[in-house]
Amino acid sequence: MEEAILKFENLTKRFPGVLALNQVSFEVRKGEVHALVGENGAGKSTLIKIVTGVYPRTSGELFYQGKAVEFHSPHDALRNGIAAIYQEFNLIPALSVVENIFMGHYFTQKGGLVDWAKIREEAQRLIDFLEVDINIDAQVRDLGVAKKQVVEIAKALSYQAQVLIMDEPTATLAQKEIDTLFRIVKSLKEQGVTIIYISHRLEEIYQICDRVTVLRDGNYIATRKLTEVQMEEIIQMMVGREVVERFPRTLHKAGEEVLRVEGLSRSGVLEDISFNLHRREILGIAGMVGSGRTELLRALYGLDPIDQGQVWIKGEKVTIHSPLEAISRGIALIPEERKTQGLVLLLSVMENIGLPILPQIANRGFLDEEELKKIAQKMVKTLNIRTPSIYQRVMNLSGGNQQKVVLAKWLARESAIYFFDEPTRGIDVGAKVEIYHLMNHLIEQGSAILMVSSELPEILALSDRVLVMREGRIAGELTKEEVTQESVLKLAVGRRNVGAQSS
Amino acid sequence: MPSLPEEKTTSVSIAGRFFIFWEKAGILLAFIVVCVVFGILTPVFFHPLNILNVIRQVSIIGVMAVGMTFVILLAGIDLSVGSIVAFTGIIAAAFQVKWGGSLFLSIVVPLLIGAGIGFFNGFVSTKGGLHPFIVTLGSMSIFRGATLLVAQGRPISGMSPEFRFIGAGMVGPIPFPVILFLGSVVVAGIVLRKTVFGRYIYAIGGNPEAALLSGIRVDRYKILAFTILGFLAGLSGLILTSRLNSGELVAGQGYELDVIASVIIGGTSLMGGEGGVYGSLIGALLIGVISNGLNLLGVQPYWQMIVKGAIIILAVLLDKMRQRFRAS
């Protein structure tokens, strides 16, 4: 256990104008699960990309199994036993599981023909070892996120990986799938595989990691045993200052009802959904991925048709057929995927903020650019969006700042009801807290918030009430007093405690 | 998660500088270089009459390139414009010669038909969820056939002097089609820059889903863009029929290539969301200038097609490299 499999010595990476890694030195021991944490921009990805041969280093040394090495491509690293699994999977959707696992290193028979029998046998062995129910002949595109991830792991193992790097592996997994992943991580560890685990979710790190290394602004801060370090201390090391509260929440007395849903159904997706939402209230929606949470928001927002049921907004019965109608009724949706749903990456900060409000600040179809500029500048200031100017393309901003631009779009519009779908996915601790403050601000101003989140701590800490969804239904409603990790999970999984795999 | 994309864009390599420059003024520079080269090779090239001649020849393609810019900005494509030119042209000629000779009807009906075909293309591709490539490929065949049907296989010739003004008239020293062309460029430029509709075009082209979630009626604007293009193709049909003094069966054949090429050479991305109508203006002029210059030099016309094709590939290649540079 004490032997170092990877050792960094004064590793430095300089991009033009920026020092991404500054003399980083630490070691990863053979067979451990080593967490790597830090805010966005701390240098985690750069470090990983140097290890896997994506970037060349500027200076410093990397030792692998005692030898100084430099990999020139991910494939080079892979052949030497270092594999990385990114959030964006490297799989070919139209091909089968077998083909994906052995892509790039098919066994061949004499004469160069592919030895399918041997490949299938080996692939089956890997899948069996991982103990996940996957048909090796299935097309990868038909698998859910969790199973795709398992295929990635099998692919890494097919290269006899000694070091497996996982970048935010649980970001899009449901709780049950996370459990499966953790079981796999543990059995890999028993096989002597070393795992470098990158995650924003500190709770998870405590569950499966042995040691943690913190990076901040390209500098190495510390490596600690997780049994010997408090979460608050890790956060403090990441942020560089003391974070007083991770989940700030100012409580208010809920006001009058602004949204009421009765018996809402959408065939095969949502069934008999009823609930209400009040002013100055955050109503959390918990549940597994695939339980219908996002679908509920979509239906209410006019994106998907409703088969049955009624919706009242501020006491008025409404039927909403399009996002435009939803918006004009005072609803705002902050979607799950900011890059593909929330933002037009090619456009500037100002133009993105302007999207929902252009008609209001236009004069006979002509844009009032001065007004738009003022609004954008005000929003950048209010939300503390870190951007060189309002003319910067949003594609150049960090994740947290992008998310703030999505919020700015809707703050400029002053909506009454905000739907948040995974409001803090993939953004760092500092930006998270800012977004929570903003939600509080909205509540203070008298808005109502419906929040879907897979991060239980977020649901527990912020919600006034929690709806738990399961298989398209509301499995139960919990008050602030009743809501605990256990009570939510119990409802989310249900009595039929069977594999709730998302697909 | 790529945590450090910003710093790479601050790197100002020579390639980077070139692409930043190219994005802003590359096509204009290419245009100027080509003009200077032809000017040196054949002194006639810069004669005012020749310059007007080039712009007049370009105006038919150019008017459509204006409309095509809207469609391509929305990541769409329209292959049917050449057939719209032929069909609206033959309808105009029929009104002039066979169906009573009303000037009003021979102008208004073709324009409405052009807009109608554009609407059809837009409606079927958005509401039917079909790629516009397929829908307009169909339209291309349908309206070429309809042209032959209306004409009964024979061109229709002999327009009234008033109608001939559209394609052959002069306002002072300037040909009327040139006014139509440059006028539509200016109007489209203002629409794209200054109006809500224009800004929506860029938002939808950049990310249709984000646009939809922001309350933009994505389908409606897509259909509108196709309708505008159809209308402008109808206008081109009028100009062509008027200038030829005849509704021709093969009118507009292959125009879709020149129109799309003008837009692409002008820097509008086939992926949508980036570009503009002034680029298309230069793109159309560049194609026209090359044809004209090679003509003046006495080069076989066959070479023109080869050169044109090479320029298209080069332009798209440069665009691709620019995008790759920005992505890294």
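**Entry 1: Ala75(B)**

I began with Ala75(B), which is partly exposed because its relative accessible area is 33%. Here buried means under 20% relative accessible area, exposed over 50%, and partly exposed in between (1.4 Å probe, protein chains only). This is a predicted model, where local features need pLDDT of at least 70, side-chain atom pairs count only at pLDDT 80 or more, and totals for chains, interfaces and linings use all residues. Residues are numbered from 1 along each chain as its sequence is written, chains are lettered from A and ligands numbered from 1 in the order in which they are written, and side-chain values use heavy atoms, with hydrogens and water left out.

I looked up where Ala75(B) sits: the loop between helix 3 (48–73) and helix 4 (81–97) of chain B. Helices (H or I, at least four residues) and strands (E, at least two) are DSSP runs, numbered from the N terminus. Ala75(B) is not a glycine, yet its phi is positive, about 65°. Most residues other than glycine have a negative phi.

**Entry 2: Glu131(A)**

I then turned to chain A. Glu131(A) also has a positive phi, about 55°, and is not a glycine. Glu131(A) belongs to the loop between helix 4 (116–130) and helix 5 (145–158) of chain A. Is Glu131(A) buried or exposed? I noted a relative accessible area of 58%, so Glu131(A) is exposed.

**Entry 3: helix 1 of chain A and Thr52(A)**

I checked helix 1 of chain A residue by residue. I found 8 of the 8 residues buried, so this helix is largely enclosed by the rest of the structure. Among the buried residues are Lys44(A), Leu47(A), Ile48(A) and Val51(A). Gly53(A) follows helix 1 of chain A and has a positive phi, near 80°.

Thr52(A) is in the loop between helix 1 (44–51) and strand 4 (59–64) of chain A. Thr52(A) counts as buried because its relative accessibility is 4%. What does the side chain of Thr52(A) lie 2.9 Å from? A polar atom of this side chain is 2.9 Å from the backbone oxygen of Ile48(A). I left aside neighbours within four places in sequence and listed the contacts of Thr52(A) (contact means heavy atoms within 4.5 Å). They include Ser73(A), Pro74(A), Tyr86(A) and Ile165(A).

**Entry 4: Gln96(B)**

Gln96(B) lies in helix 4 of chain B. I counted Gln96(B) as buried because its relative accessible area is 8%. The side chains of Gln96(B) and Ser106(B) make a polar contact of 3.0 Å. A polar contact is a pair of N or O atoms within 3.5 Å; within protein, one must be able to donate a hydrogen and the other to accept it, and residues adjacent in sequence count only if both atoms are side-chain atoms. Beyond its neighbours within four places in sequence, Gln96(B) touches residues including Leu103(B), Met159(B) and Phe163(B).

**Entry 5: aromatic rings**

I looked up the aromatic pairs and found 16 over all chains. Rings of Phe, Tyr and Trp (its six-membered ring) pair if their centres lie within 6.5 Å; planes under 30 degrees apart count as stacked, over 60 as edge-to-face and the rest as tilted. Phe26(A) and Tyr220(A) are stacked, at 5.7 Å centre to centre with 10° between the planes. Phe26(A) is in strand 2 (residues 18–29) and Tyr220(A) in strand 10 (residues 219–225) of chain A, so the pair links parts 194 residues apart. Phe26(A) is buried at 9% relative accessible area. Tyr220(A) is partly exposed at 28%.

In chain B, I found one aromatic cluster of Phe70(B), Phe197(B), Tyr200(B) and Tyr221(B).

**Entry 6: where chain B meets chain A**

How many residues does each chain bring to the contact? Chain B brings 34 and chain A brings 45. The buried area is about 3,200 Å², and carbon and sulfur atoms give 60% of it. Buried area is the accessible area (1.4 Å probe) that two parts lose on being put together, summed over both.

I found 2 salt bridges across the interface. A salt bridge is a side-chain nitrogen of Lys or Arg within 4 Å of a carboxyl oxygen of Asp or Glu. Glu351(A) and Arg199(B) form a salt bridge at 2.2 Å, N to O. The interface also has 10 residue pairs in polar contact, both at pLDDT 80 or more.

Helix 9 of chain B gives the most to the side of chain B that touches chain A, with 6 residues. I noted that 10 of the 11 residues of helix 9 of chain B are buried, so it is largely enclosed by the rest of the structure. Arg199(B) is one of the buried residues.
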